[in-house]
Amino acid sequence: MENNIIYPYFVVEGRNKKQEIKNFPGIYRFSADTLLKDVSEAGSLGLSKILLFGIPSRKDSEAVSACGPGSIAAKAVKSLKKEFKDLTVFTDVCLCAYTTHGHCGLFKEGKREIDPKRTLSRLADVALSHAEAGVDFVAPSAMAKGQILAIRNALDKRGFRNVKIMGYSAKFASNFYGPFREAADSAPAFGDRSGYQLNYTDPAAALREITQDIKEGADIVMVKPALSYLDVIKQASLKFDHPLAAFNVSGEYALVKYGAGRGLWDEKKMTLEIISSIKRAGADLIITYHAKDIAKWLKKT
Ligand code: PBG
Ligand code: ZN
């Protein structure tokens, strides 16, 4: 079970930090040093895969702080891979946490319109910097057309054929991302993400996106969120013979936690029921903030 679970982490600059996040119980922003400690604890519970979200201390319109060996994510990957030989590290590759406007791509000069070319080139730079730091999988989540191919080509050209890609292939414009956006301070400053994320009334688009990502070279494809999209996960698992991940997102997690806190239900029983439903739908991998709790519960029983 633990082998199929990916645990998300948020990493910030500084030392000795373990910051609570508003409306995100049990999840923290760690500095690199405390992150190592927590990952080691997760490892002793049997978890061996993590998904890293870098949260920069500086933002600008061009997401400059997302790139290069000094980016928060690159530095964290480097120290994680040095410390833990058996850890599989995935990094989220997106720009929304690094831009002042909070959108997932870069804009055209002087306009509030995504510039596809500049966005792809920036995403490829970010992925390369994670590869140079030693990441196992990059996970582009910007929903920019052609992002898998652009990243694959950039990685191959620089000799990183061994670095794999998990595409956030079918990512819906969802209401379930609230706690995450608090954690990453990545809510759009204006507008929303419906220009690039999928519409939940159109499941066929999700299957087209997954087909496209597989063509472009994704090693793992993903459906996100999970619970309101079990039908999409099921269809994808039947249609594609490709490793399939499902992202049990922050809002889904928070519902369980807050309800349990008010005595509405048993957190352990409800979480295990939810995870079982995502597996039943056909997900091979589950990204979930419940990972450590699940690992603890399964250890005890
Ligand atoms: C960034 C990103 C988001 C999530 C993962 N990567 C937020 C968004 O698209 O606004 C959401 C994860 C979660 O809610 O747990 N593109
Ligand atoms: Zn984004």
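Where does ligand 1 sit? Open the predicted model and select ligand 1: its place is the largest cavity.

**Stop 1: the shell**

Keep ligand 1 selected and show the residues around it. There are 19 of them. Lys 171, Arg 181, Lys 224, Ser 250 and Tyr 289 come nearest. Colour the shell by class. You should find 11 nonpolar residues, three polar ones and five charged ones.

**Stop 2: polar contacts**

Zoom in on the side chains. Begin with Lys 171. An N or O atom of its side chain lies 2.7 Å from a nitrogen atom of ligand 1. Go next to Gln 197. Here the partner on ligand 1 is an oxygen atom, 2.9 Å from a side-chain N or O atom. Finish at Tyr 289, where a side-chain N or O atom is 2.7 Å from an oxygen atom of ligand 1.

Now turn on the surface. How much of the accessible area that ligand 1 has on its own does the protein cover? The cover is 100% of 400 Å².

Switch to cartoon and select strand S7 (164-171) and helix H5 (178-184). These are the elements that give two or more residues to the shell around ligand 1.

**Stop 3: a cis peptide bond**

From the shell, pick Lys 224 again; it was among the residues that come nearest to ligand 1. Step forward to Pro 225. The peptide bond between the two is cis, with omega near -10 degrees. Show the flanking elements as well. Pro 225 lies in the loop between strand S8 (220-224) and helix H7 (230-239).

**Stop 4: strands S1, S2 and S3**

Leave the ligand and select strand S1 (residues 5-12) with strand S3 (residues 28-31). Which way do they pair, parallel or antiparallel? The sense is parallel, over three bridges. To see one place along the pairing, pick Val 11: Phe 30 in S3 stands opposite.

Add strand S2 (residues 18-20). S2 and S3 run antiparallel, and three bridges join them. Pick Gln 19 here; Arg 29 in S3 is opposite.

Arg 29 and Phe 30 are now both on screen, each with its partner in another strand. A general point helps when viewing them: in a regular strand, side chains alternate between the two faces of the sheet.

**Last stop: Asn 23**

Follow the chain into the loop between S2 and S3, and select Asn 23 there. Check its backbone. Asn 23 is not a glycine, yet its phi is positive, about 65 degrees.

Key. Residues numbered from 1 in each chain as written. Chains lettered and ligands numbered in written order. Predicted model: local features only at pLDDT ≥ 70, side-chain atom pairs only at ≥ 80, totals over all residues. Heavy atoms only, no water. Near = heavy atom within 4 Å. Polar contact = N/O pair within 3.5 Å; in protein donor to acceptor, adjacent residues only side chain to side chain. Areas by Shrake-Rupley, 256 points an atom, 1.4 Å probe, with all protein chains shown as cover. 1 Å grid on protein atoms, 1.4 Å probe; cavity = no way out; pocket = protein on both sides within 12 Å on 5 of 7 lines; lining within 4 Å. Sits in = over half its atoms within 2 Å of the grid points. Helix = DSSP H or I, 4+ residues; strand = E, 2+ residues; numbered from the N terminus. Nonpolar A, V, L, I, M, F, W, Y, C, P; charged D, E, K, R; others polar. Pairing = 2+ DSSP bridges.
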